[in-house]
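Please examine the structure shown below. The paragraphs that follow lead through some of its loops and one pair of its helices.

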Amino acid sequence: MSDYHFDFFYVVHGFARLMQGLVISLELTATAIGIGTFSGFILALATSSPNRLLSVPTRLFVETFRCTPALIQIVWFFYCFPMLANVFWSPFTMGAIALTLNLTAFNSEAYRAAIQSVPSAHRDASVALGLSKWTQALHVVFPQALRFASPVLVSNAIGLFQQSSLVAVVSVEDLMYQGKILAVETYRPIEAFTTVAVIYFALSFPISQLAARVERHYARLLA
Amino acid sequence: MNLSPSIIIEYLPALMRGLRMTLLLSAICITTGLVLGFVVSLMRSGTSKILYACSTVFVEFFRGTPVLIQLFWMFFCLPVILHIDIGAFLSATIALSLYMTAQASEAFRAALLSIGSEQKDAVMALGLPRSTTLLHVILPQALIRAIPNLLSISVSLFKESALVSTLGMTDLMFEGETISSATARPLEVLTTVGAIYFAVGFPLTQIVALVEKRILRRIAL
């Protein structure tokens, strides 16, 4: 270590700003999780559909989002989507769309494995009860798939919270963006970036620990 | 809207240069991360409490924060602390290698935990020295069980490497953004960049899936 003098005065001063950024980060994350948890399931049903007109395009969608960096997805939505669709929405909206689609693709993979582990007897029972296809999907398969997939869904959600920092690149004023501004304005990169890192960590770490504990609890219950 | 595909052909050599940088950086960080990750996983499953605490804090911190902030921290803060100018390439390499180390160590740890305790009893009964146990009993088994996870982490790292463009490193993403703003043709250029990432990433994920299936079958035997 060196003779560096830490000075957290500016970080304390700019803390309100960091918190404003955190609110934006959390809004983005909540939007993506809120939609992605359900849309991922629908997408998983579509990708495993016997109808090729449905399964091929949806598989292509999933693979596109899984095999390209999240950064290019966000930058692409920011620059190219408005040109293609001729709409001009706020950077926040564009970031939210890109992150939601990204999470949907990753969640659909988690659901695909989970759907396969729903016992086939339940399907037979649904058919015997004369349930419609939608009722079966929503009330028989979905609740069980949600439970089987939940460990992966939670880790995807935590990953998404971290990926949400990428929207700073297209100037959405999230936590990362505010941290960067603070570091540049005050010439205090160490204090500013360390504080931002600690805030991200303080939110991700307890959730991942809690998720691991819940998972172990259920694993013991099932065993 | 009129597309001009010729722009892609014109700038393809620059994009390929970027891709080479992306692949080089990914290769360095994956290799370093795999080696260090195995060492860290041994530290976490050993008996020393101090080693366990240090390695756990390290792993949890790198897994609990965005890669972007790790890159920024290494780029802006490390030179201030160490009083040396290390440049974008080295700071990006350090940040991504450490991130890869944390991820890989978790994969190795899960694999180490899955090695049955009867193996340890057998090693003890045979009177094998510790180094032999580690290299010839634990490592081969941990490695084969960890391979599917390690491969998918490596593919993720290839994708995460796009973030180094924010430090001004001339990787594929950086070349793409520069060309797209210089030519005002984001649609053609950025879509091509996405397609190049996909062209590398997709076959890799397919290979991962294939290897995973094979290894699972082998372990089941």
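Helices here are DSSP runs of at least four residues, numbered from the N terminus. The model is a predicted one. In chain B, the loop between α7 (172-183) and α8 (186-220) contains A184(B). The phi angle of A184(B) is positive, at about 55°, although this residue is not a glycine. Is A184(B) buried or exposed? A residue counts as exposed when its relative accessible area is over 50%. A184(B) has a relative accessible area of 57%, and it is therefore exposed.

Chain A offers another example of a positive phi. N86(A) is found in the loop between α4 (70-85) and α5 (91-116) of chain A. N86(A) is a residue other than glycine, and its phi is positive, near 55°. The relative accessibility of N86(A) is 61%, so this residue also counts as exposed.

The final topic is a pair of helices in chain B. Helix α1 (residues 6-45) of chain B packs with helix α4 (residues 87-113) of chain B, their axes being 5 Å apart and the angle about 45°. How are α1(B) and α4(B) oriented to each other? An angle under 35 degrees would count as roughly parallel, and one from 65 to 115 as roughly perpendicular. The angle of about 45° fits neither range, and α1(B) and α4(B) are therefore oblique to each other. Their crossing is right-handed. In the contact of α1(B) with α4(B), 17 residues are nonpolar, nine are polar and three are charged.

Note on methods. Residues numbered from 1 in each chain as written. Chains lettered and ligands numbered in written order. Predicted model: local features only at pLDDT ≥ 70, side-chain atom pairs only at ≥ 80, totals over all residues. Heavy atoms only, no water. Helix = DSSP H or I, 4+ residues; strand = E, 2+ residues; numbered from the N terminus. Buried < 20%, exposed > 50% of the residue type's maximum accessible area, 1.4 Å probe, protein only. Axes fitted to C-alpha atoms, helices over the stretch in contact; angles between N-to-C directions. Parallel < 35°, antiparallel > 145°, perpendicular 65-115°, else oblique. Left-handed = near helix turned anticlockwise from the far one by under 90°. Nonpolar A, V, L, I, M, F, W, Y, C, P; charged D, E, K, R; others polar.
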